[in-house]
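The following exercises ask you to read strand pairing and packing from a model, working from the sequence and the coordinates together. Each task is followed by a solution in steps.

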Amino acid sequence: MTSNVEKYVRPSAPAAQDAPEPEDKLHEECGVFGVWAPGRDVARITYFGLRALQHRGQDSAGIAVGDGKTVLVRKDLGLVTQVFTDADLSAMPGKVACGHCRYGTAGAKGWESAQPHLSMINDVIIALAHNGTLVNFDSLRHELIEMGIPFRSNTDSEVAAKLIGYFTQRGHRLRTGIAHTMRMLEGGYAMVLVRENALYAFRDPHGIRPLVLGKLDDGAGWVVASETCALDIAGATYVREVAPGEIIRISDDGFRSEMGCRPRTPANCIFEHVYFSRPDSVKDGSSIYLVRHNMGRRLAQETPVDADLVISVPDSGTPAAEGFAEESGIPYGTGLIKNRYVARTFIAPTQELREMGVRLKLNALADVVRGKRLVMVDDSIVRGTTSAQIVRLLKEAGATEVHVRSASPMVTWPCFYGIDTADQDQLIAANMTLEEIRDHIGADSVGFLSLEGLMACVPEGVGYCKACFNGEYPVAIPRTFYEEKFLPGYEPNNLNPVSAESKMNLEDVLNLEEKEN
């Protein structure tokens with residue numbers, strides 16, 4: 001039956017590109033989207049949903065559509081607009097669809113890593129779109145291989161799909177297969193899955209990775225997505241977040257919700273508020289824009305400076321810069337212009353050409369910054385490379401002083417739950433003091449929002465993962481997964497023990513079900 005799957009995938013293998021130069025940002029791995037809407041153009045709804053989520057991943061994009069009989073998939077490397085043509089979308093009619101846009105991490109950038117991931121369960125085709133990282137996927141993959149289950153890639157998404165297939169074949173219900181799989185997975189994940197006649201959505205028991213539920217305005221369908229901005233473009237009204245550990249199934253039989261595994265201590269990724277989410281999205285009942293604006297106000301209180309003009313590093317630093325200006329009383333202005341047609345900086349053969357990558361993205365307005373003492377506000381400073389180049393750019397344009405302010409705390413710890421964080425030795429705040437950072441980036445002063453200040457700005461009553469700031473990891477990380485990721489003298493704090501279920505092998509989970517029944 002595998003050959004039947006292959007004919008529904010339209011692979012292409014563009015020539016390999018140079019690896020991207022590490023950027024001075026943390027990056028989410030991807031965005032996911034799903035829609036159940038019989039009688040609607042679900043492929044185009046998904047396409048526009050992915051356009052809204054494009055900021056979460058620019059390496060590959062894909063859409064899977066179920067038409068009641070089979071599942072059709074189209075995916076490729078590139079932006080959503082590069083992967084799909086009008087003809088592609090017209091050739092994908094159906095009642096249910098899911099989509100994915102990916103930011104690939106090291107070792108997972110090829111076409112085989114593009115999603116949705118296609119798999120067969122007996123004679124049923126499923127397509128899985130996954131946001132996050134499974135920290136125990138290596139041991140699970142090894143166990144599946146020992147049982148003779150083949151793999152086409154080295155991604156944790158394929159491991160999840162194979163696990164679902166394994167348990168479904170023995171339990172005869174896809175929901176059962178998903179629930180058993182959730183018991184074994186450790187890490188952060190939000191997944192959307194389609195078969196020919198149904199949509200499934202489920203989320204890790206800590207709620208690390210985001211997933212929201214919406215209802216189409218005509219009342220005839222449902223949407224799930226990584227952010228509410230994708231609901232807006234699809235013409236859907238926000239209903240609620242998918243609960244940690246919850247499985248949602250939507251089909252001709254209606255809407256059904258059940259718990260796939262027990263929820264654990266809430267640990268929403270706090271970087272959704274800092275950087276990942278679009279400012280027009282809503283998270284935990286609060287506008288992302290308003291949260292970032294308040295972060296800028298708090299930043300001005302904590303790190304005051306005597307200056308003439310506040311500018312932002314566009315676009316992610318703009319809400320915080322506006323808040324900083326409002327609180328400080330220093331005028332806000334546009335000092336940097338962004339070229340919106342350059343997605344990423346690629347490695348060039350010389351340092352001179354490499355530095356031109358920043359100039360391709362940003363250019364200083366000399367008439368605005370000349371002779372001014374500037375406060376340059378960014379959402380975060382991770383590696384410091386881009387910050388140093390922008391400071392130099394502004395001073396070359398005539399700025400007399402550049403005071404750099406970060407609207408997030410110092411990022412000192414790597415993330416293992418779905419964010420592309422460098423090893424700790426590449427995180428500038430883990431290697432340098434505040435004064436050393438200032439000298440390294442060439443600023444006249446540098447300041448970071450405190451963790452206490454950040455927590456005062458985000459919605460109350462929500463549990464957050466703050467591991468990138470304080471090293472307190474909500475999910476235990478196998479040593480093989482984090483070995484050599486930490487600098488000498490750094491030990492992760494508060495590593496919760498691995499759950500009893502995730503320690504079980506595949507047969508243990510099936511035996512547990514028999515005892516529970």
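**Exercise 1.** How many residues lie between strand 5 and strand 6 in their hairpin, and which residue in the turn has a positive phi?

*Solution.* In this predicted model, begin with the pairing: strand 5, residues 117-121, runs antiparallel to strand 6 over 5 bridges, and within this ladder histidine 117 stands opposite leucine 128 of strand 6. Turning next to the connection, one finds 2 residues between the two strands of the hairpin, and asparagine 122 in the turn is the residue with a positive phi, about 55°.

**Exercise 2.** Determine the pairing of strand 6 with strand 7, and then the burial of strand 6.

*Solution.* Strand 7, residues 187-195, pairs with strand 6 in the antiparallel sense over 8 bridges, and alanine 190 of strand 7 is the bridge partner of asparagine 131. As for burial, strand 6, which covers residues 124-134, has 11 of its 11 residues buried.

**Exercise 3.** Why is one side of strand 17 and of strand 22 left without a neighbour in the sheet?

*Solution.* First establish the order, which is 17-20-21-22 in an open sheet of 4 strands with parallel pairing. Strand 17 (309-312) and strand 22 (445-448) stand at the edges and have a single partner strand each, so one side of each lacks a neighbour in the sheet. Neighbouring strands here are turned by 20° against each other on average, direction ignored.

Next, examine one edge: strand 21 (401-406) pairs with strand 22 over 4 parallel bridges, with valine 404 partnered by valine 446 in strand 22. Finally, helix 10 (288-302) packs on the sheet, where it touches strand 20 (373-378), strand 21 and strand 22, and its direction makes about 125° with that of strand 22.

Key
Residues numbered from 1 in each chain as written. Predicted model: local features only at pLDDT ≥ 70, side-chain atom pairs only at ≥ 80, totals over all residues. Heavy atoms only, no water. Pairing = 2+ DSSP bridges. Axes fitted to C-alpha atoms, helices over the stretch in contact; angles between N-to-C directions. Contact = heavy atoms within 4.5 Å. Buried < 20%, exposed > 50% of the residue type's maximum accessible area, 1.4 Å probe, protein only.
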